[in-house]
Amino acid sequence: MIKIRLARGGRTHMPIYTIVAIESGRSRDGRFLEKLGQYSPLEKEDKQLLNVNAAQVNAWLSKGAELSDTVRTLFKKHKVAL
């Protein structure tokens, strides 16, 4: 099963998360299928989501991928059209 979830990057105390399409059995930071955007929790509220490719997210969802709870909440909070 394919999940759309967050992979952690950045450095200590300065995280940056990458929104990725990944097989559900892989580790959090393992090899992913496609990068779909970024999330920076330390930025101001309006600049937290960066470079989100909504068309590719919709393409993965149409293929049967599922959003993680965190990604679903982020998209809802920032009004990403799905």
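The points below go through the sheet, the helices and a few single residues of this predicted model.

1. Basis. The model is predicted, so local features are taken at pLDDT of at least 70 and side-chain atom pairs only at pLDDT 80 or more, while totals for chains, interfaces and linings use all residues. Residues are numbered from 1 along each chain as its sequence is written, and side-chain values use heavy atoms, with hydrogens and water left out.

2. Sheet. Five strands make an open sheet in the order 4-3-2-1-5, and the pairing is mixed. Its edges are strand 4 (49-50) and strand 5 (66-67), each of which pairs on one side only. Strands here are DSSP runs of E with at least two residues, helices are runs of H or I with at least four, and both are numbered from the N terminus. Two strands pair if DSSP finds at least two bridges between them.

3. Strands 1 and 2. Strand 1 (residues 2-11) runs antiparallel to strand 2 (residues 14-23), and ten bridges join them. Within this pair, Lys-3 has Ile-22 as its bridge partner in strand 2, and Arg-5 stands opposite Val-20. The two strands form a hairpin with two residues between them. His-13, in the turn, has a positive phi of about 65°.

4. Strands 2 and 3. This pair is also antiparallel, with five bridges between strand 2 and strand 3. One of the partnerships is that of Ile-19 with Gly-37 in strand 3.

5. Thr-18. This residue belongs to strand 2. Is Thr-18 buried or exposed? Thr-18 is buried, because its relative accessible area is 15%; buried means under 20%, exposed over 50% and partly exposed in between, with a 1.4 Å probe and protein chains only. Residues up to four places away in sequence aside, Thr-18 touches Arg-5, Leu-6, Ala-7, Lys-35, Gly-37 and Gln-38. Contact means heavy atoms within 4.5 Å.

6. Gly-37. Gly-37 sits in strand 3 and is buried, with a relative accessible area of 3%. Neighbours within four places in sequence left aside, Gly-37 is in contact with Tyr-17, Thr-18 and Ile-19, and also with Leu-50, Asn-51 and Val-52. From C-alpha to C-alpha, Gly-37 and Ala-7 are 11 Å apart in space and 30 residues apart in sequence.

7. Helix 1. Where does helix 1 pack? Helix 1 (residues 54-62) packs on the sheet and touches strand 1, strand 2, strand 3 (34-39) and strand 5. Its direction makes about 125° with that of strand 3. Axes are lines fitted to C-alpha atoms, for helices over the stretch in contact, and the angles run from 0 to 180 degrees between N-to-C directions.

8. Helix 2. Helix 2 (residues 69-77) lies across strand 1, strand 2, strand 3, strand 4 and strand 5, at about 85° to strand 1. Its buried residues are Val-71, Leu-74 and Phe-75. Seen down the axis of helix 2, these fall within an arc of 95°, so they line one face of the helix; the arc is that of the directions from the helix axis to the C-beta atoms. In general, an α-helix has 3.6 residues a turn, so residues three or four places apart point the same way. Asp-69, Thr-73 and Lys-76 are exposed on the other side of helix 2. The cover over the buried residues of helix 2 includes strand 1, strand 2, strand 3, strand 4, strand 5 and helix 1.

9. Ser-68. Ser-68 lies in the loop between strand 5 and helix 2. With a relative accessible area of 15%, Ser-68 is buried. Apart from neighbours within four places in sequence, Ser-68 is in contact with Ile-4 and Arg-5.

10. Positive phi. Most residues other than glycine have a negative phi. Asn-51, in the loop between strand 4 and helix 1, has a positive phi near 55° and counts as exposed at 68% relative accessibility. Lys-79 takes a positive phi of about 55° just after helix 2, and Lys-79 is exposed, with a relative accessible area of 73%.

11. Charge over a ring. The charged end of Lys-63 sits over the ring of Trp-60, 4.8 Å from its centre. The rule asks for NZ of Lys or CZ of Arg within 6 Å of the ring centre and within 35 degrees of the ring normal.
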